[in-house]
Each structure stands twice: as C-alpha cells, then as structure tokens.
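Welcome to a short tour of some strands, a sheet and a pocket. Keep the structure open beside you as you read.

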Amino acid sequence: MQTIHSSDHVVVGGGINSLVAAAMLAGKGDSVALLERERRLGGCMHTAEITLPGYRHDVMAATFVLFLTSPAFAELGGDLARHGLEFCHSPYPTAVVRSDGSHLVFSTDRKANAASFDLLSKGDGDRHLADMGELEANADFLFSVLGGEIRSAKGMRRFAREAFKRSVKGLSSWAGSSLAPARGWLESSYRSELVQALWAPWVLHAGLTPESTFGGQMGKVIAFALEAAGAPVAKGGAESAVRAFESLIAERGGKIFRGEDARRVIVKRGRATGVETASGGVFNAAKSVICSVAPGQLYGRLLKEHSFDEHGMASSFRHGRGNFQLHYALNAPPAWKAGSLQDVALIHLADGIDSVSKSCNEAERGMLPASPTLCVGQPHALDESRCPPGKAVLWIQVPDAPRVIKGDAAGRIKTGSRWTQETREAFADRIESILAERIENFQEISLARRAYSPADLEALNANLVGGDPYGGACTVDQLLFWRPFANSGGASTPVKRLFHIGASTHPGPGLSGGSGYNLAKTLGA
C-alpha cells in the first residue's frame, strides 16, 4: 500500500545545507519533511569508531570554521547550542612542515603572525597586515558575493551600489585583481618560502590549485577566517552537529525520514508537487521541493522523465579531484620532529607552491601523486573526548587524489583504472612513510589505521562523485554566477517550486550551509 505524506516543503538530502534549510523553514512555522537515503543523517558530517573502540574519528568533514563565520550560525547557533552543539578551539589553527624540517605556525593573533612572518623575511609581516586590512575594508561586499545570492534583484542592487561607490572602473579593477591565482598572490607578495608554503595548500580545500583563477582571493579569505575563528571542531565529533540539527528540526515540528531514497520529483503542469521514493512513498509538497544533490543526480535521476537544456549541462558538468582520507588511532600524542606542534589543529606537510602544484597536476592527470600534499588534523588536541586519556587520533586528508587512475607518478604502485583495496592500501603506505619521516616513533605509537579512497567516499555519499568532496570543479566557469551552469538562476530550476542547493550550487562547498540559508531566506524564513 502506498504511503502518502504531505507538508509545505520536502527536502531531499541530509547534509549541512538541507539541515540549515529545514531548520529555518520549520522555524517560521512551515511543515517540513526531510528525506535521507542513508540510515544516518549529515552527509559528510560522519563520526564513527572506525579504527579501535573508544577512538572517534570524523570520517570526512572535520573543521567548522566556515559554519562559525556564516549567517546560518548567526541565526541558528544559539538554538543549536541548546541542543548540545559545542565547539572546541585551539589558538593555533594551522601550520606547515617542510621536508627539511622547517615549519611555521599560524595563530589567531594577527600581530603575532605578522611578527613571525617578519622574522622569516622583513616586510612579509607588513604584507600580511596589508592583505588582511584590505580584505576587511572590502568584507561587506566581498562576502556578499562569495556567500550571498548574487543573481537576485538584491544582489544586483548591491553591485550597482558598489559601482557607484567605486566607479565602474574601480569595481572592474577590484574584480580583475581578485581573479589572480594563489601562485601570483604568494610569489608577488611574500619573499619567505615558508610563508608561501603555509598558504599554498589551503587553496586545495576550496577545490582549487595554486594556478587556479581566483585562488589568491580565496587564500586571503581562508587566512582571514582562520585568524578570526580558528579551525574549530565539534565536541564529540562532527556528528554532534547533526544530532543538534535533528533535535532542533524536531522541536520546530519538522519530520526526518531516514532510508528514504528519492526516486523522482513529481512534476505536474510544470510545477514540482512532491517526491516519490524508491520504497513507493509519496511526499507531497504544498510550497517547494528542495534537492541537495549533485547535478547528475537531479537531472539524470530525479528529473530523467523530463527534457530540459540542463540535462546536457549536467552531463558535461565537471567534477574535480578526488579526496583520500586516512585515520589513525595512536597510543600517544605525536611528537613532531619539527618542534612544538602538539596544539595545532591542522598541519600541512608540503614544501611549497611547486610541490602543491606538482601533486595537483599529477592527480588531475589521473596519477597517484609521488609526494602528495597532506593535511594532518589533530582533533584530540582540541577535544579530549575523541579518544581514551593519553591517546591520540589523526585525521589525514589528501585533497589531490585522482578520481580515475591512469598510473603512479612514482612508478612504484601497480594500478588499474579503478581504486581497489590493494591500490588504496599501497597509497596509504606512501602517506604513512611521509608521516614516519615527520613524527618521532610513529611506527611505535601507531595502533590502527583506516583508509578511504575516492571510490570508498562515493560509496558513503552518492554526491561525492568520484570522491570529489567539493560538489564539482571550482574553476571560474563553474563558480559564482556560473555555478553549477552558465545559465543558472540561483537555486531555481526549470521546474517551478523545485530548488537546487548543496555544494554544486552557489556559494559552493564547505560547511557554511550557505545555499540552504540563502534559499530559506528567499522562501521567507
């Protein structure tokens, strides 16, 4: 017998953007039904004991700096705190360690950062102060472009005001300078190779490379955010944020349905009226259907019975490099050979712009990087609840893994065209050898590990196509006004009352909840 549910809004997907949209729409008094195909909510926010009992690992997303600095947190943060969400901080959000042992730690103290940069190369501290000052001076407009709904009437008025304020020529000049790649920004601004090495890997976390257009601006934004809010983690793991959202949505009358795989969007007379699930359930929507999925899922599956120009665009939509995750349970906190890094939240192991560029290029050509760029998280340093007393956990992300394998850049790992268990573990061995070079007695303190290839990550979350955690390549033709498509009109789709949110839509990837927030505001929340 067919089960029928009715509500004002039906939300497909259980990631951060869906949770934000559902909480806000329910908060204004509308009825909301949220459908999640998996038995767990959260999308990339997933915490589990994947190595040993008592060791809690964030399998994918781990750091909440984008959420803490977002409008969504400003509106929902207090209520989420009532439902148990708490963040843990360190005054040292990031650092870089080079292969020769040289390292640089970045703190939440701007004056201290400028002083440490100047010690490396006179003038680099002043350059940092100037970069952050310039960003602050443009913050209102810049963050409205990066995070707001820029294709709305309100967005266009914002551009018009800025053009009047600066002059058309001045606005054009500012926009043009913002398109500089990270390599251009770093090599023209900082003499110290350590400072360059500190920021070069961070553009990878925006789905870019050191040569990508707009990478310089994103590097400055990341530096600003880390200095302002650090690199916080959720106490108990990222899944505690999911539980807080779930509790808040329930408090506001929303309903969450796990294990309900959306099969198609029901369209009548050009309007979305609901969703049919694989189990045969029908979820009617009086006001909107909201889908937080990759473009291929939306147009190739949920709307496959209909014909739109977007079908062709979805088939040509490009996904970016894959992610590789590696997790360790340790018998003791790591003793870094480089020095006192025990309180740093996220440590990059990279030699500089060229090393990051090389590993990205190899991954984009389908090669296993010979010397991958590593991001090493130390959540136990911020949150003691992640492991037994005196022990430690490591969260390691390789943001430049190939989606489809064509070979090994080092010529040592035998590969096919797909990620296999053997390939995954061999690549994990390569990563482990890099860790062992940087951490004293690493082999002695290592108790267990668990690796996830790009294929494994896609199996966990269908929106991570090829293991791409950023919802699609973030090149300029698929960013800002043109995300996901050149003809995109914000969250709207060719179907009335059907809206598209998530990492594949503006403002793009990350845990800000931006697309869910923007749509909820548009719908009157």
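Two strands count as paired if DSSP finds at least two bridges between them. With that in hand, please bear in mind that this is a predicted model. The briefing begins with strand β11 and its two hairpins, then turns to an open sheet and a pocket.

**Strand β11 and its neighbours**

- Strand β11 covers residues 271-277, and 6 of its 7 residues are buried, so the rest of the structure largely encloses this strand.
- "Buried" here means under 20% relative accessible area.
- On one side, β11 runs antiparallel to strand β10 (residues 262-268), and 6 bridges join the two.
- Within this pair, Glu276 of β11 sits opposite Arg264.
- β10 and β11 make a hairpin with 2 residues between them, and Arg269 in the turn has a positive phi of about 55°.
- β11 also pairs with strand β12 (residues 282-292), again antiparallel, through 3 bridges.
- Glu276 turns up here too, standing opposite Val282 in β12.
- The hairpin of β11 and β12 has 4 residues between the strands, and Gly280 takes a positive phi near 95° there.
- As general background, strands of a sheet pair through backbone hydrogen bonds, either parallel or antiparallel.

**The open sheet of 7 strands**

- If you trace this open sheet across, its 7 strands come in the order β7-β6-β15-β17-β18-β13-β21, with mixed pairing.
- The edges are β7 (103-106) and β21 (446-452); each has a single partner strand, so one side of each is left without a neighbour in the sheet.
- On average, neighbouring strands of this sheet are turned by 20° against each other, with direction ignored.
- Inside the order, β15 (residues 346-349) and β17 (residues 374-377) run antiparallel and are joined by 4 bridges.
- One residue pair to look up is His348 with its bridge partner Cys375 in β17.
- Helix α17 (residues 421-438) packs on the sheet, where it touches β6 (94-97), β13 (322-330), β15, β17, β18 (392-401) and β21.
- The direction of α17 makes about 60° with that of β13.

**The second largest pocket**

- How much space lies in the second largest pocket? The value is about 370 Å³.
- There are 22 residues lining this pocket, and the closest to its centre are His319, Gly320, Arg321, Glu364 and Arg403.
- By type, the lining of the second largest pocket divides into 7 nonpolar, 8 polar and 7 charged residues.

Technical notes
Residues numbered from 1 in each chain as written. Predicted model: local features only at pLDDT ≥ 70, side-chain atom pairs only at ≥ 80, totals over all residues. Heavy atoms only, no water. Buried < 20%, exposed > 50% of the residue type's maximum accessible area, 1.4 Å probe, protein only. Axes fitted to C-alpha atoms, helices over the stretch in contact; angles between N-to-C directions. Contact = heavy atoms within 4.5 Å. 1 Å grid on protein atoms, 1.4 Å probe; cavity = no way out; pocket = protein on both sides within 12 Å on 5 of 7 lines; lining within 4 Å. Points joined across faces, edges and corners; volume = space filled by probe spheres on them. Nonpolar A, V, L, I, M, F, W, Y, C, P; charged D, E, K, R; others polar.
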